[in-house]
Amino acid sequence: MRLDLDLEKLLKYAEKMGASEAELSASVTDKYVFEISKDSLERALSTTTIGFGIRVAIGKKIGAAGGEITGEEGALEIIRHAIKIAKSTREDEKWPGFNPKIGKAPVDVPVYSEETASLTEEEGVRILQGQLKLVKESDPSITIAGASFRVSRSYSGFINSYGGPLGEESTSYSYVLELKKKTGEGEGTYIDWKLGVKLDAEGIEETTQRAISRVSDAVKASPIEGFKGTLILDNAEVASLLRILIVPAISADNVQQRRSPLTGRLGEKVLSEKINIIDDPFLPYETGSAVFDDEGHPTSKKHVFEKGVLATYLYDHYTASIEGRESTGNGFKSSHHTPPSPSPTNLILESAIHKEKLEDAVVEVEKGLYVVSTIGSWLSNPVSGQINATVTLGYLIVGGEIQKPVKGVAISGNIYEALADSFQYTAGPRRCLFGVCSSSIVVSDFTIAGH
Amino acid sequence: MSDIITGLESYVEKAFRKAEELGVDFIDARIQDYRYESIVYDNDRVKSYSYTTTTGVGFRIVYKGFHGYSSTTIPTWEGIEKALLTAYRMAKALYHAGGEPSPLAEYPAIRAYSRSGYIKYPFEISDDEKIEVVKTLVSTAKEVKGVVSATARLGLQHDKRVVLNNEGTRVETDVVLTGFFVSAVARSDKGMEMAYDSKSKVSGWELVEYTDLNAMANEIGELAVKAAHATVPEAGKYRVVLHPEVVGLLVHEALGHASEGDLVASDASVIKDKLGQKIGSDLVSIVDDGRHPDGYYVPFDDEGVEKKKTTIVENGVLKGYLAGRAESQKLGIDPTGNSRVMSYQHPLLVRQTNYYILPGDHAFDELVQEAKDGIYVTGKGARGGEVDPGAGTFTFGVGVSWKIENGEITTPLRGVTLTGMILDVLRNIEALGKDLHVYTSVFGGCGKSGQLVRVGDGGPYVLVGEIIVGGR
């Protein structure tokens, strides 16, 4: 892929227009999506977009602008708008300048897959058709309420007044499906997904098989009375909670602005000593992997929690300079024109005690709930650490055996208790979602708010 | 109208003729010129001041009932033709893959122009004046003892859209939205908590001028401090009085999504096949209204269908669903003007506009007295909600709330979440307040299949006889 923008020329234009320094990023993305609605392929979309953004500084006054553009003229207009903002905004006294250390980490990390990039639309539609066939052959009474298969390929470029350009080509795909089943016993729905950099046909099929099995359980699921017991939280649900509660708390920005419950706790034992949490940008073919961040700084692998002790926060260039230290290479932006904010690459939870099979965890539970699907976990509160989620599919465990499927109950507690004294161990395979990875976790004394 | 829209539109007729030569059933185009400005003030500095723009045209081609989409930002015939042919190729790929076609219901060609009103165009206000607003919000909130951190945001949006199709429709809408937000974090020996308030309106800068910013920020600072000292309630079943902001969340999430025709048609709604059936208390009437003055302004949808007030529930009986032209054909109902896109690049989905419960006859104090013992649930600090429309379950994270003891509001509570089954809650509504409040936001909206659109929601104060509260 090629980005038809000369970033060096655009940088010079920004400086000529009055910027004392500037930081530019751009990307070109090709993507296609096929969608199923009620067992039928119904919609398809294919598009190419070029995104461009700039941050400029005039002294200590910063402006930013961005958008989707057609080519150079659009980029020049965006630059002029950023300059206009920088001229009229107020000074940021702590402004340290843009990141001066530009480069890639000296590690070969694949984030591009030729297999994904070369997957044609015809092959894409066949993959989705194959999953439809698999569902119908397994159980004709199951409906695919909705499903989508998306493939994208993009090239991202970066430059600032101190170095570059840097560039990286990447691929990604996602497969999402929602199954519904109706029987005389009732109705059930189940949503699952698979995403990654390198197309994993087996993984896609496994996702479909898991969804087929779980939607059949969801039909039989019902609310139960509340109780306090052991919670086994499925790997994808753990990844989701870590992203909502731990990721904001370890951001140096939230720490410095005193919005994080981890402010002032560096070096303290916060979690169970069994737990390590690592930020690892070098996992092959993971969506969070990168050799430089959105400020052009090389990325690095680091322990955030080591044996439960808070070892570091994550820093971008701005937050690092406030503490007189170097960025940890975690300055990532949500879009081309927004300022970076300290964010993880791939954040991985590991436990010193781990059972390979989830079944080995279930047999040890006297009374508990194995939760595989929730809604609303993103409503949990990162300022207090309060967990909230409503279970859409779980399994009641009594005497070491799964008794029955459950839905409509809420799980409530605090992440810093769940991952400290109440934490027992991890179990089963690891799963990564949007750059957060974990196995399932086993937590004791957890509140299940029932019917 | 902007030059960009004019430039793109000049090729659309040619594109339609080309599509017809290719043998398509139908083609429509969505042209958009979107601008957004955002200022974030964080404790002691302008954290970001940014401007973003999106301009382009998206095509949908319906070929033998299958829908292919593509888009371009390039205002030349080459750019337009490439997008058109891509949409055609995608639609044909679906046709050849087999499946059930999804033809469109008939709808008359209309030509219309509709612009939201404002007094002062917000993009022309000086940068200094805009920055002063967020600075004032932050400094006032931080003056409250116990507040450790405060943030404020200003958001300005101008969204111009033109929808055209080969049946002769041309509908242009032009909407200006202004809003601001303040949040405060407070710390106590019980931990930290946050409260926030946000005000947005389809209007210009006058919204800012008519608001007492100091009072708003002071209230949020004090609320955050109270929340930080508050206790978390025991999890369990409670009688609750819901603030209209929470009612809006509840009705949007709990029923609104389930009434979206694409979910109904794909068997993913708990209220499928329930038209004409009793699904809630006699007191409950619910509408989706594209023109409520305090909501978002959707006079026409992105298919060029007029958005009228749609009755979903009347006196507890399910009366209708929301539908675009494709869902109308599937469900055998009229299009309701709810087919919307996040931007010209995106495919059409059935979305709500302004979804709210109609008011009743109770004063707020009467609702609290009738609750007797329970919780008054408010929205300042609410984090939103999520629903499984197929299973009928929902969950909401609400804001700082209050105990109701012996018919009176007493001490604050934090960490309150509401959870349950959609239809149980509608059946358990015991009384409605007499004033209607509808809210929208320039900072967020409703997310579905990766698309965020602006919506509004609300209702009166509502007394619910029983709801599950997640707490300790």
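Begin by selecting strand β5 (residues 147-165) and strand β6 (residues 170-188) of chain B, which pair in the antiparallel sense over 17 bridges. The model on display is predicted.

**First stop: the hairpin of β5(B) and β6(B)**

Within this pair, select Gly155(B); its bridge partner in β6(B) is Gly179(B). Next, follow the chain from β5(B) into β6(B). The two strands form a hairpin with 4 residues between them, and Gly168(B) takes a positive phi near 110 degrees there.

**Second stop: the other neighbours of β6(B)**

Keep β6(B) selected and add strand β7 (residues 191-201) of chain B. These two strands are antiparallel and are joined by 11 bridges. To find one point of pairing, select Ser183(B), whose bridge partner in β7(B) is Tyr196(B). The connection between β6(B) and β7(B) is a hairpin with 2 residues between the strands.

Now add strand β4 (residues 111-115) of chain B. The pairing of β4(B) with β6(B) is parallel and comprises 5 bridges. Here, Ser114(B) stands opposite Thr173(B) in β6(B).

Why is β6(B) described as largely enclosed by the rest of the structure? The description applies because 16 of the 19 residues of β6(B) are buried, where a buried residue has 20 or more other C-beta atoms within 10 Å of its own.

**Third stop: strand β2 of chain A**

Move to chain A and select strand β2 (residues 40-58). This strand is mostly covered, with 16 of its 19 residues buried.

Add strand β1 (residues 21-37) of chain A, which runs antiparallel to β2(A) and is joined to it by 17 bridges. Select Lys31(A) to see the residue that stands opposite Thr47(A) in β2(A). In the hairpin of β1(A) and β2(A), 2 residues lie between the strands, and Lys38(A) has a positive phi near 45 degrees.

Then add strand β3 (residues 61-68) of chain A, which pairs with β2(A) in the antiparallel sense over 8 bridges. Ala57(A) stands opposite Ile62(A) in β3(A). This pair of strands also forms a hairpin with 2 residues between them, and Gly59(A) in the turn has a positive phi of about 65 degrees.

**Last stop: from chain A to chain B**

Which strand of chain B is joined to β2(A)? Select strand β3 (residues 66-72) of chain B, which runs parallel to β2(A) and is joined to it by 5 bridges. To locate this pairing, select Leu45(A) together with its bridge partner in β3(B), Tyr69(B).

Technical notes: Residues are numbered from 1 along each chain as its sequence is written. Chains are lettered from A and ligands numbered from 1 in the order in which they are written. This is a predicted model: local features need pLDDT of at least 70, side-chain atom pairs count only at pLDDT 80 or more; totals for chains, interfaces and linings use all residues. A residue is buried if 20 or more other C-beta atoms lie within 10 Å of its own, exposed if 12 or fewer, and partly exposed in between; C-beta atoms are placed from the backbone. Two strands pair if DSSP finds at least two bridges between them.
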